[in-house]
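Visitor: Hi! Could you walk me through this protein in simple words?

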Amino acid sequence: MRLNKLVHFIKNDDGYIVINPLIGEIDVIDSELYNMLISANFNLIPQKIFEVLKDKLIIVQDNYNEFYAYENLLKKLKFDVSFQTFTILVTRSCNFECVYCYEHTNQILLQERHMNRRIADEVIEFINRMSYNSKKIKVIFYGGEPLLNINVLTYLMDELESHQGQKITFELITNGYLVKDLWERYKKYFKKFKQIQITLDGPPEIHNKLRPLRGGLPTFETIITGIKLLTDNGVHVALRSNLYLKYIKEYPKLLDELDRYGINKKYLHIGIGFVHPDEIKNYPLISKKFLNLYLQIKRRGFSITLPFYVQRIPCGAITNNSFVIDYNGDIYKCWALVGLKQFKVGTVQKGISEKTHRKFLSLNPLNNSKCRDCPMLMFCGGGCIYNNYLHSGKLDLGFCPFQKYSFREYLQLFIKELGDKYASKKQI
Ligand code: SF4
Ligand code: SF4
């Protein structure tokens, strides 16, 4: 018998944390047991505990192939089509000019690129074809600014709802500027969204600098008024904030604003990211500072996405159950790669090209020795392919997220907040 090569031990204050990606569990063991395991003195381990360690695949037979087992698990996750996600860019036009917008760098921001009814009908047919065997479907409307093409957006919602036999949920990603104006006329639709993601990057002085209207006018006040309307009417808002290291300390002022406007915390959920490519060099520091900010936001009574969770697959881009549909019917796998023709995997009219799609489906963190031996594999799945592409020019896995730089601290936070869910059912 021997130790499973995918299992990792991380020193904790009172022993060791055992990360077990094959069964997706976490245990805490004492130093005595750790020493017996690491020195392969299995005969010293009490029989009852030894059996549990075997059950959990922490100790395996010499000929066991843990990499093959993990590969099978990934395959199952990648090819599970019982749940499908379709992200639809109903337009690529936008009324904003955000400083970090990759659509902006793609030079398409200023042009009118709306999805028309004919393409919308073809999108519906494509979704019906692709989700034939699915039980649930999620449709995310995205852009550009999707509310600029509200006629086609609401047309798609009506048609998809009436055509689909399966359970369908809608989400919207918007810059939020038009919510205030459109609310009265379209509230029936706004209320149908499971959640609406709206971005505020900080207090007004920072947000308005980063996310101005095209032409430079400020947007903060109009957006927060829209958020107030939505949350007052029971619509869940996912408040997205794209941060820069230099602005982290100002972020609590945004929380003051949310309180000042009387935003109902029950319907607001904060999610934070660091999107600007230049920030990557700051990841070690961001990693530390973000932990503090996370705790601060929680202390203020806001709900915030845990920056660390079990994620064996980095995102839908490498699965068979997620597609991003451009305004003209072209299909991609990743939101950030939309418009880069070399990454197009098909069209709604002609379907998916197996050859290009396979390039994405075959991405596997186990093919990268760095990920294969990484204790964070279970929480990362191999990192963001877009970031990897930006930095190496290659469509591949292995680009480490900022959490990697304070891995132990994030792991401890995870155990504190979600330990019960992922702790082993059988105690060692
Ligand atoms: S709102 Fe979105 S699409 Fe529009 S400029 Fe900003 S990041 Fe780009
Ligand atoms: S991308 Fe980095 S953090 Fe993620 S599994 Fe690979 S090596 Fe680990």
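Guide: Sure, we can look at the domains, then a sheet, then some helices. This is a predicted model, where local features need pLDDT of at least 70, side-chain atom pairs count only at pLDDT 80 or more, and totals for chains, interfaces and linings use all residues. Residues are numbered from 1 along each chain as its sequence is written, while chains are lettered from A and ligands numbered from 1 in the order in which they are written.

Visitor: Which domains does the protein chain have?

Guide: The assignment gives domain 1 (1-64) and domain 2 (77-355); such bounds come from an automatic or database domain assignment. Taken over C-alpha atoms, the centres of domain 1 and domain 2 are 41 Å apart.

Visitor: Cool. What's the order of the strands in the open sheet?

Guide: The three strands run in the order 2-3-4, with antiparallel pairing. Helices (H or I, at least four residues) and strands (E, at least two) are DSSP runs, numbered from the N terminus, and two strands pair if DSSP finds at least two bridges between them.

Visitor: And which strands are at the edges?

Guide: Strand 2 (8-12) and strand 4 (25-29) are, each with a single partner strand, so one side of each has no neighbour in the sheet. From one strand to the next, the twist averages 25 degrees.

Visitor: How many bridges join strand 2 and strand 3?

Guide: Five bridges, in the antiparallel sense. The two strands form a hairpin with two residues between them, and Phe9 has Val18 in strand 3 as its bridge partner. Val18 also stands opposite Asp27 in strand 4.

Visitor: What about strand 3 and strand 4?

Guide: Strand 3 (residues 15-20) is joined to strand 4 by five bridges, again antiparallel. Their hairpin has four residues between the strands, and Gly24 there takes a positive phi near 65 degrees. Tyr16 has Ile29 of strand 4 as its bridge partner. Helix 1 (residues 31-38) packs on this sheet and touches strand 2, strand 3 and strand 4, its direction making about 55 degrees with that of strand 3.

Visitor: On to helices! At what angle do helix 5 and helix 6 pack?

Guide: Helix 5 (residues 117-130) and helix 6 (residues 150-163) pack at about 30 degrees, their axes 10 Å apart. Axes are lines fitted to C-alpha atoms, for helices over the stretch in contact, and angles run from 0 to 180 degrees between N-to-C directions. That makes helix 5 roughly parallel to helix 6 (angles under 35 degrees count as roughly parallel, over 145 as roughly antiparallel, 65 to 115 as roughly perpendicular and the rest as oblique).

Visitor: Which residues make the contact?

Guide: Among them are Ala120 and Ile124 of helix 5 and Leu156 and Leu160 of helix 6; residues are in contact if their C-beta atoms, placed from the backbone, lie within 7 Å.

Visitor: How do helix 6 and helix 7 pack?

Guide: Helix 6 and helix 7 (residues 179-190) pack at an angle of about 20 degrees, with axes 11 Å apart. They are therefore roughly parallel to each other. Their contact is made by Ile150, Thr154 and Met157 of helix 6 with Leu182, Tyr186 and Tyr189 of helix 7.

Notes: Two residues are in contact if their C-beta atoms, placed from the backbone, lie within 7 Å.
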